[in-house]
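This report addresses the ligand shell, one sheet and selected salt bridges.

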Amino acid sequence: MNHKRVAFTTLGCKVNQYESAALEELFRRRGYQVVDYNQPADVYVINTCTVTHLGDRKSRQLIRRASRTNPEAVVAVTGCYAQTASDEVLGIEGVDLVIGAGNRAGIVDLVEGTVKGRQTVAVRDISGDRDYEELPGETKQGRVRAYLKIQEGCQNFCSYCIVPYARGPLRSRTPENVLAGAAELLTRGFKEIVLTGIHTGAYGREPGGSMGLAELLEKLAVLPGLLRLRLSSLEPHDVTPEILELLSAGPPFCRHLHIPLQSGDDEILKSMRRTYDTVYFRRLTARVRAKIPDCGITTDVMVGFPGETDKHFEHTLRFVTEMQFSGLHVFKYSPRRGTPAADFPEQVSPAAKEARSRRLIALGKEMASRFAATYLGQTVDVLAEQFISADSGGQLDGLTDNYLRVIFSGPQQVVGEQIQVKITEISDTFLNARII
Ligand code: SF4
């Protein structure tokens, strides 16, 4: 049976976004037309996230919407929720096919083999997987910044985290395939590549890994046409002296590190099974700033972890203030079935989580503005990413290498170019500038 229209919707992280683009490409190669998720389609693919209960809930809503839009369509569910809770997903009305993390490359055949009304489950135990699942790169033209997945899985087993169960053990893409993927992106006009993965800093650390992240970065950095090379996120222990040495060498390396902190209290960090304490983290940020002045250091902090008291939270507020991050993502702890922390005593109330989250978000905004304000009147390089409006001679937006969003006037033709601009004004979430 030839289903010609396929529609995708994707929840969660950059890796999920990257994989959806790759799966779309598999359908295109088999003659399918990719249509918008709100449109009638013959096949709906929901790439789910399960990192919080909200991820599960949104996944279920999107699944139900598919079968409402076209009850005849094949509804295929993949991603982390499918891998960790396939029974639950099968119980949602309208689901025909559940595909786990290890079977995505065969998605088109699985869809074409599906008979409406007879559910198919292609989910297996991936805890023993050793090989990286190669999926095709995406083929969309003409954007400036592209994500490149280099690694899969995590073995840290932080006590709150479902990811190791959803994604399996460490597996790295071969350096040859990473370099080929990067070269292909550059051929297609991308100027900035963001390396992403589940535990990116553990690249090549599994048995048989041929090289580590630092060596891979060195090889990528010499690719012709690469203006910028950015790392999506590194665990604290993965910010090695070698990595800092490379990042301090200047372009194409971006002076930006996203280093998840999660908590500013040592007791909570221990209970989270994080592998560092606040002394280590303080020294790490000092090393980063000494080696890379102006480095944008962004982070993730979780509030409401079981056992977190007001006192623990005050420690987190104080430590985050001391670290002066240039950006902050705040998450409320969400119990995940199968993780140790879900059974910990002293679960924190939703009201306390909400109150703590608001305070931390406000602090994050303050710190981001303070970091941005140090650039007022300064000249910076911005990679023009998109033309956002034709009003008043044209407006463009882009990022500095240390992750500041800048909006400036200029012609559409400069999209994709690195432009020198002078910062004229600081607003809530971006800086205003003019080309010099
Ligand atoms: S490092 Fe910890 S939080 Fe991050 S994916 Fe691995 S287990 Fe989850």
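Two strands are taken to pair if DSSP finds at least two bridges between them. In this predicted model, an open sheet of 3 strands follows the order 12-13-14 with parallel pairing. Its edges are strand 12 (256-258) and strand 14 (327-332), each of which pairs on one side only. Neighbouring strands of the sheet are turned by 15 degrees against each other on average, direction ignored. Strand 12 and strand 13 (residues 296-303) run parallel and are joined by 3 bridges; Leu-257 has Ile-297 in strand 13 as its bridge partner.

The ligand is surrounded by residues including Cys-154, Cys-158, Cys-161, Glu-235 and Arg-274. By class, this shell has 7 nonpolar, 1 polar and 2 charged residues.

The structure holds 36 salt bridges, among them the following.

| Salt bridge | N to O distance |
|---|---|
| Arg-104 and Glu-19 | 2.9 Å |
| Arg-336 and Asp-56 | 3.0 Å |
| Arg-255 and Asp-401 | 2.7 Å |

Arg-104 and Glu-19 are both buried, and they belong to a salt-bridge network with Glu-133, Lys-149, Glu-152 and Arg-167.

Buried means under 20% relative accessible area. Arg-336, at 7% relative accessibility, therefore counts as buried, and so does Asp-56 at 9%. Arg-255 lies in the loop between helix 9 (241-247) and strand 12, and Asp-401 in the loop between strand 16 (395-399) and strand 17 (405-409), so this pair ties together parts 146 residues apart in sequence. Arg-255 is partly exposed, with a relative accessible area of 26%, whereas Asp-401 is buried at 14%.

Key
Residues are numbered from 1 along each chain as its sequence is written. This is a predicted model: local features need pLDDT of at least 70, side-chain atom pairs count only at pLDDT 80 or more; totals for chains, interfaces and linings use all residues. Side-chain values use heavy atoms; hydrogens and water are left out. A residue is near a molecule or strand if one of its heavy atoms lies within 4 Å of it. Ala, Val, Leu, Ile, Met, Phe, Trp, Tyr, Cys and Pro count as nonpolar, Asp, Glu, Lys and Arg as charged, and the others, Gly among them, as polar. Helices (H or I, at least four residues) and strands (E, at least two) are DSSP runs, numbered from the N terminus. Axes are lines fitted to C-alpha atoms, for helices over the stretch in contact, and angles run from 0 to 180 degrees between N-to-C directions. A salt bridge is a side-chain nitrogen of Lys or Arg within 4 Å of a carboxyl oxygen of Asp or Glu. Buried means under 20% relative accessible area, exposed over 50%, partly exposed in between (1.4 Å probe, protein chains only).
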